[in-house]
Structures are given as C-alpha cells and as structure tokens.
Amino acid sequence: MRYELIHFLSHVEDERIITSFIQNFTIEDLEALICHLEYTDPATRERWLDLCNKTLHF
C-alpha cells in the first residue's frame, strides 16, 4: 500500500485530471486503484468509481 497514492486519490477533485489518469490505466493500474480506494473515504471511492464507469464504459 502506498500512502502517497491514497493521499492523491483523496485530494484530487478535478474530473479532467481523474479522467486523464483513468484513460491511461492498464488492467494492473485499475486493480491497484480499486485496492487503494478501500483505504479512502466513501466520497472519494464514489468519485473515482463513478468516473471509472463513465470513462471505461462499465
């Protein structure tokens, strides 16, 4: 677990930045994101997962 990543996930709110990261994810990156989101608050999880769904068309 990387605390820097958890901090980043929790503090980035700009949808353009989040979407840009998601668009460049590999499957391993997506796995790591989901694992690290477990250590964030519900609002952060919802923000990132909603944008994953929109960006990756789940």
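This is a short talk on how the helices of one small set of contacts fit together in a predicted model.

Hi everyone, and thanks for making time. Please keep in mind throughout that we are looking at a predicted model. I'll start with helix 4, then turn to helix 3 and its partner, and finish with a few single residues.

So, helix 4. It runs over residues 42-56, which is 15 residues. What span should we expect for those 15 residues at 1.5 Å a residue? The expected value is 21 Å, and the end C-alpha atoms of helix 4 are indeed 21 Å apart, so the two agree.

Which residues of helix 4 are buried? They are Thr 44, Arg 47, Trp 48, Leu 51, Cys 52 and Thr 55. If you look down the axis of helix 4, these buried residues fall within an arc of 130°, so they line one face of the helix. Some of you will recognise the pattern behind that spacing: an α-helix has 3.6 residues a turn, so residues three or four places apart point the same way. Turn to the other side of helix 4 and you find Pro 42, Glu 46 and Lys 54, which are exposed. As for what covers the buried residues of helix 4, the list includes helix 1 (3-11), helix 2 (15-23) and helix 3 (27-37).

Now the two ends of helix 4. At the N-terminal end, Asp 41 acts as a cap, with a side-chain oxygen 3.1 Å from the backbone nitrogen of Ala 43. Just after helix 4 comes His 57, and there phi is positive, at about 60°.

Before leaving helix 4, let me pick out Thr 55, which sits in that helix. Why does Thr 55 count as buried? Its relative accessibility is 17%, and the cut-off for buried is under 20%. The side chain of Thr 55 reaches back to the backbone oxygen of Leu 51, at 2.7 Å. Setting aside residues up to four places away in sequence, Thr 55 touches Thr 19, Ile 22 and Gln 23.

On to helix 3. Its buried residues are Leu 30, Leu 33, His 36 and Leu 37. Viewed down the axis of helix 3, they too fall within an arc of 130°, so they line one face of the helix. Ile 27, Glu 28 and Glu 31 are exposed on the other side of helix 3. The cover over the buried residues of helix 3 includes helix 1 and helix 4.

How do helix 1 and helix 3 meet? They pack at an angle of about 80°, and their axes are 10 Å apart. Helix 1 and helix 3 are therefore roughly perpendicular to each other. Helix 1 brings Leu 5, Ile 6 and Leu 9 to that contact, while helix 3 brings Leu 33, His 36 and Leu 37.

His 36 deserves a closer look. This residue of helix 3 has 11% relative accessibility and so counts as buried. Not counting residues up to four places away in sequence, His 36 touches Met 1, Arg 2, Leu 5, Ile 6 and Leu 9. What does the side chain of His 36 reach at 3.1 Å? That would be the backbone nitrogen of Arg 2. For a sense of distance, His 36 and Gln 23 are 13 residues apart in sequence and 18 Å apart in space, C-alpha to C-alpha.

Two more residues and I'm done. Phe 25 lies in the loop between helix 2 and helix 3. Is Phe 25 buried or partly exposed? With a relative accessible area of 24%, Phe 25 is partly exposed. Leaving aside neighbours within four places in sequence, Phe 25 is in contact with Leu 30 and Leu 33. Phe 25 and Leu 56 are 31 residues apart in sequence, and their C-alpha atoms are 9.9 Å apart in space.

Last comes Ile 17, over in helix 2. Ile 17 has a relative accessible area of 38% and is partly exposed. Between the C-alpha atoms of Ile 17 and Lys 54 the separation is 14 Å, with those positions 37 residues apart along the chain as the numbering counts.

That's my tour, and I'm happy to take questions.

Notes. Residues are numbered from 1 along each chain as its sequence is written. This is a predicted model: local features need pLDDT of at least 70, side-chain atom pairs count only at pLDDT 80 or more; totals for chains, interfaces and linings use all residues. Side-chain values use heavy atoms; hydrogens and water are left out. Helices (H or I, at least four residues) and strands (E, at least two) are DSSP runs, numbered from the N terminus. The expected span of a helix is 1.5 Å times one less than its number of residues. Buried means under 20% relative accessible area, exposed over 50%, partly exposed in between (1.4 Å probe, protein chains only). The arc is that of the directions from the helix axis to the C-beta atoms. Contact means heavy atoms within 4.5 Å. A polar contact is a pair of N or O atoms within 3.5 Å; within protein, one must be able to donate a hydrogen and the other to accept it, and residues adjacent in sequence count only if both atoms are side-chain atoms. Axes are lines fitted to C-alpha atoms, for helices over the stretch in contact, and angles run from 0 to 180 degrees between N-to-C directions. Angles under 35 degrees count as roughly parallel, over 145 as roughly antiparallel, 65 to 115 as roughly perpendicular and the rest as oblique.
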